[in-house]
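I opened this notebook to record what I looked up in the structure. The entries cover aromatic pairs, charges over rings, a sheet and an arginine.

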Amino acid sequence: MKTLLQLLFLSLAIAAQAQVIPASNRVSWDNAGCHFAFPEPQLTANVMAFGAHADGVNDDVAAITNAIASLNGHYGVVYLPSGTYLMLSTIDLPDSVIIRGAGADSTFLKINSTVNGFTSCGNITGTFTKILSGFNKESQKITVANCALFSTGNDVEMHEDNGSWDTSPATWAVQVVGQISKVTNIIGDTLFLEDKLRIDFDTSLNLEIQKIIPATAISIENLNIERTDTSTSCSAYNIDFVYAKNCRVKCIESNKSEGSHC
């Protein structure tokens with residue numbers, strides 16, 4: 001019995017040790033997640049006032065889109081009361097919009113289309129400059145070839161080409177190694193970053209950086225989303241965030257995605 005217990009403890013010790021990330025690969029994720037408090041907005045647009053049917057038969061995209069437009073860029077709620085809403089096309093969400101149902105047990109969205117349901121997409125400049133130095137793990141300042149492309153407070157994305165590990169390249173998976181951060185200060189040709197770099201980057205892999213303008217303060221909440229089209233040949237997401245920050249999905253039930261639920 002003593003021997004069996006010793007073997008058991010040894011096995012548990014080995015298993016526990018195998019789960020520990022080496023110190024050289026660890027990073028701090030304290031700054032991850034949503035940092036916007038989402039205070040309760042003063043503005044609310046009820047989609048029923050914009051002609052929504054909520055019967056699961058007639059397309060409600062126009063009503064929801066018009067309710068969003070009525071906020072005129074201001075922070076506010078687009079409210080979908082109890083009912084079943086049919087979506088036959090994508091709904092693009094601008095900044096500062098909360099899409100809110102009465103609950104996942106009473107507000108139902110049926111996506112009968114081979115496109116994304118809700119999409120929230122920020123902007124990229126597409127104007128890159130090379131990173132020359134400071135690209136090692138834990139660094140918070142990098143020198144770049146053209147600092148004039150950036151201002152303090154800009155969000156930025158850096159990336160490099162895929163390395164030799166990419167033995168089966170795919171057109172949709174190029175330059176997948178990178179990091180997003182914010183510029184906190186600029187001195188000369190040096191950008192000071194809000195976050196420490198999480199890996200050692202490689203300038204031989206075309207390491208570069210661009211300014212981005214992310215979508216912000218968007219929330220999708222208290223809904224039941226279900227994809228009802230029967231296509232199996234496309235990749236469409238129920239909720240799609242692209243270049244977004246401080247956005248959230250809350251109290252959502254999502255069913256039958258063709259690609260990803262979110």
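The entries below follow the order in which I looked things up.

**Entry 1. Aromatic pairs.** I noted at the outset that the model is predicted. I looked for paired aromatic rings and found 2 aromatic pairs. For Phe36 and Phe38, I read a distance of 4.8 Å between ring centres and 75° between the planes, so I entered the pair as edge-to-face. I then checked the accessibility of both partners. Phe36 has a relative accessibility of 30% and is therefore partly exposed, whereas Phe38, at 8%, is buried.

For Phe36 and Tyr75, the ring centres lie 5.9 Å apart and the planes stand at 90°, so this pair is also edge-to-face. Where do Phe36 and Tyr75 lie in the chain? I placed Phe36 in the loop between helix H1 (2-18) and strand E1 (43-46), and Tyr75 in the loop between helix H2 (61-70) and strand E3 (76-80). The pair therefore ties together parts that are 39 residues apart in sequence. Tyr75 has a relative accessibility of 22%; buried requires under 20%, so I listed Tyr75 as partly exposed. I recorded Phe36, Phe38 and Tyr75 as one aromatic cluster.

**Entry 2. Charges over rings.** I next looked for arginines over ring faces. Arg248 lies over the face of Phe38, at 4.2 Å from the ring centre; Phe38 is the buried ring of Entry 1. I also found Arg198 over the face of Trp29, with a distance of 4.2 Å to the ring centre.

**Entry 3. A sheet of 3 strands.** I traced an open sheet with the order E5-E8-E18 and parallel pairing. Which strands stand at the edges? They are E5 (91-92) and E18 (239-242); each has a single partner strand, so one side of each is left without a neighbour in the sheet. Between E8 (residues 118-121) and E18, which run parallel, I noted 4 bridges. In this pairing Ser120 stands opposite Phe241 of E18.

**Entry 4. Arg100.** I located Arg100 in strand E6 (residues 97-101). Is Arg100 buried or exposed? Its relative accessibility is 16%, so I entered Arg100 as buried. I found a polar contact of 2.9 Å between the side chains of Arg100 and Glu40. Setting aside neighbours within four places in sequence, I listed the contacts of Arg100 as Glu40, Val77, Val78, Tyr79, Leu80, Glu221, Asn222 and Leu223.

Key:
Residues are numbered from 1 along each chain as its sequence is written. This is a predicted model: local features need pLDDT of at least 70, side-chain atom pairs count only at pLDDT 80 or more; totals for chains, interfaces and linings use all residues. Side-chain values use heavy atoms; hydrogens and water are left out. Rings of Phe, Tyr and Trp (its six-membered ring) pair if their centres lie within 6.5 Å; planes under 30 degrees apart count as stacked, over 60 as edge-to-face and the rest as tilted. Buried means under 20% relative accessible area, exposed over 50%, partly exposed in between (1.4 Å probe, protein chains only). Helices (H or I, at least four residues) and strands (E, at least two) are DSSP runs, numbered from the N terminus. A charge sits over a ring if NZ of Lys or CZ of Arg is within 6 Å of the ring centre and within 35 degrees of the ring normal. Two strands pair if DSSP finds at least two bridges between them. A polar contact is a pair of N or O atoms within 3.5 Å; within protein, one must be able to donate a hydrogen and the other to accept it, and residues adjacent in sequence count only if both atoms are side-chain atoms. Contact means heavy atoms within 4.5 Å.
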